[in-house]
Amino acid sequence: MNHSPRIRTVMGCTLLVTALGASVTACGSSSHPLAAKPYDAAGEISFNGESGGKKADPNKPIEITSEGDEARITDVTATDSIGRYVAGELSADGSRWHSTAPLAADAHYTVRVSTEDEDGAPGSKVLTFDTGHPGKNKALKVTFGPEAGKYGVGQPVTAVLSAAVKDKAARAVVERALKVESEPAVAGSWTWVDDKTLHYRPEEYWPAGATVEAHSTLKGIKVGDRLWGGASKPLRLTIGDRIEAITDAGSHSMKVYRNGRVINTIPVTTGKPGFETRNGVKVVLGKERFVRMRSTSIGIAEGSSDSYDMDVYFATRVTWSGEYVHAAPWSAGSQGYANVSHGCTGMSTSNAEWFFNTVRTGDIVKVINSNGAQMDPFGNGFGDWNLSWKNWEKGSAIQAVATDGGRSGVQAARLSPEV
């Protein structure tokens, strides 16, 4: 009896069968069974990707079948040259395996097939093929942010896509290809801010001293109709000490912590009635040693009782709409006693300079006990930490595909300073 099952491989709907040679038996009357070679698991196979140098269409699946009743497929592993696995499904009777995920374009694949005959004798075969370019299709590129460098523990990783992705299944393809790893390792998740923007954060802040790396394996992967993944530049961040500035608007005081220890307590003034400072967690967006702040930029008419036009020093920005922590020598008599600003957190020039020199982009600035609104999660800086972990995970497309959930995006706010 011939122990060799006949295997054929079909790329898409094209089937080519070429005899490649006789199979090798796995048993013999005169050989020690442990010394015998496994028989050739594929007596007759062919790839359309090997015929005349033609490459396989990445839009079409791999299919492997076992002919006859004497053999069954036990396992198939398909990977490309960078180690990406192709998901597949094996029939219950072992007669057929087919890929269930799109192939990558312009990729080299290795397929390892394992079989056994009706007596349990094993067989194996390694097959290779190349995929071609998908033609006139748009490349989806990913830009990771922020720029490489050192940041505070609250800095999210961002991913901006070159084209909008609205379909939930397509979003899941994109999200699975965006990898974020840290040392020490912490669990985290992407959430979709809008059709072109994702943010990534762990459940808690990044560990002090951590290294965070982001990269994409999207290149060559089909995302949607005529949309394929393009190349992207990886990102590497380092995380500094855990700096947290907690402002109690009710007691007009800011406590600054480094790695859990109070390193300064600063008298402050926050937003007065009608201009209350936003409650919640904000992340330092940047620092400006000098800013000219004008009330007209936030809709206050020139010449009115609330209008202003002044030079401000040691300004640490926490929202895109213009909320800062900054020097406010004009309100020195109210600092520690009353809230008289237009939304910013004001302090003495010496304290503002110390704060400016102590914090870095990505550090935490939190306001409590203000009568102001809650900081938006998105659109006006990084309010990401104001979402519970449960709600953050709901923004993941991978979970949305499973639960039919998801969330719409938020428009970005304009730039304007508040004092």
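1. Before we look at the pocket, one term: a helix here is a DSSP run of H or I covering at least four residues, and helices are numbered from the N terminus. With that in hand, helix α1 is residues 168-177, and this helix gives the largest share of the lining of the largest pocket, 3 residues. Please keep in mind as you read on that this is a predicted model.

2. Let's stay with that pocket for a moment. Its volume is about 370 Å³, and 16 residues line it. If you want to find the pocket on screen, look for Arg84, Tyr85, Ala101, Arg176 and Ile221, which lie nearest its centre. Sorted by class, the lining has 11 nonpolar residues, 4 charged ones and 1 polar one.

3. How far can you trust the picture? The average pLDDT of the protein is 81, and 77% of the residues score at least 70. Residues 1-31, however, have a pLDDT below 50, although in the model this stretch makes 92 contacts beyond near neighbours in sequence. Residues 405-417 also have a pLDDT below 50, with 43 such contacts in the model. Where pLDDT is low, the predicted coordinates should not be read in detail.

4. Next, a residue worth clicking on: Val153, in the loop between β12 (149-151) and β13 (157-161). Is Val153 buried or exposed? Val153 counts as buried because its relative accessibility is 0%, and the cut-off for buried is under 20%.

5. Which residues surround Val153? Leaving aside residues up to four places away in sequence, Val153 touches Tyr205, Trp206, Ala208, Ile239, Gly240, Asp241, Arg242, Gly362, Asp363, Ile364 and Trp385. Take Gly240 from that list: Val153 and Gly240 are 87 residues apart in sequence, yet their C-alpha atoms are 6.9 Å apart in space.

6. Now for strand β21, residues 243-248, which is mostly covered, with 5 of its 6 residues buried. β21 runs antiparallel to strand β22 (residues 253-258), and 6 bridges join the two. At one spot in this pairing, Asp248 stands opposite Ser253 of β22. The hairpin formed by β21 and β22 has 4 residues between the strands, and there His252 takes a positive phi near 60°.

7. β21 has another pairing to trace. With strand β29 (residues 364-368), β21 pairs in the parallel sense over 5 bridges. To see one of these partners, start at Thr247 and find Val367 in β29. As you follow the strands, remember that in a regular strand the side chains alternate between the two faces of the sheet.

Technical notes
Residues numbered from 1 in each chain as written. Predicted model: local features only at pLDDT ≥ 70, side-chain atom pairs only at ≥ 80, totals over all residues. Heavy atoms only, no water. 1 Å grid on protein atoms, 1.4 Å probe; cavity = no way out; pocket = protein on both sides within 12 Å on 5 of 7 lines; lining within 4 Å. Points joined across faces, edges and corners; volume = space filled by probe spheres on them. Nonpolar A, V, L, I, M, F, W, Y, C, P; charged D, E, K, R; others polar. pLDDT = per-residue confidence, 0-100. Contact = heavy atoms within 4.5 Å. Buried < 20%, exposed > 50% of the residue type's maximum accessible area, 1.4 Å probe, protein only. Pairing = 2+ DSSP bridges.
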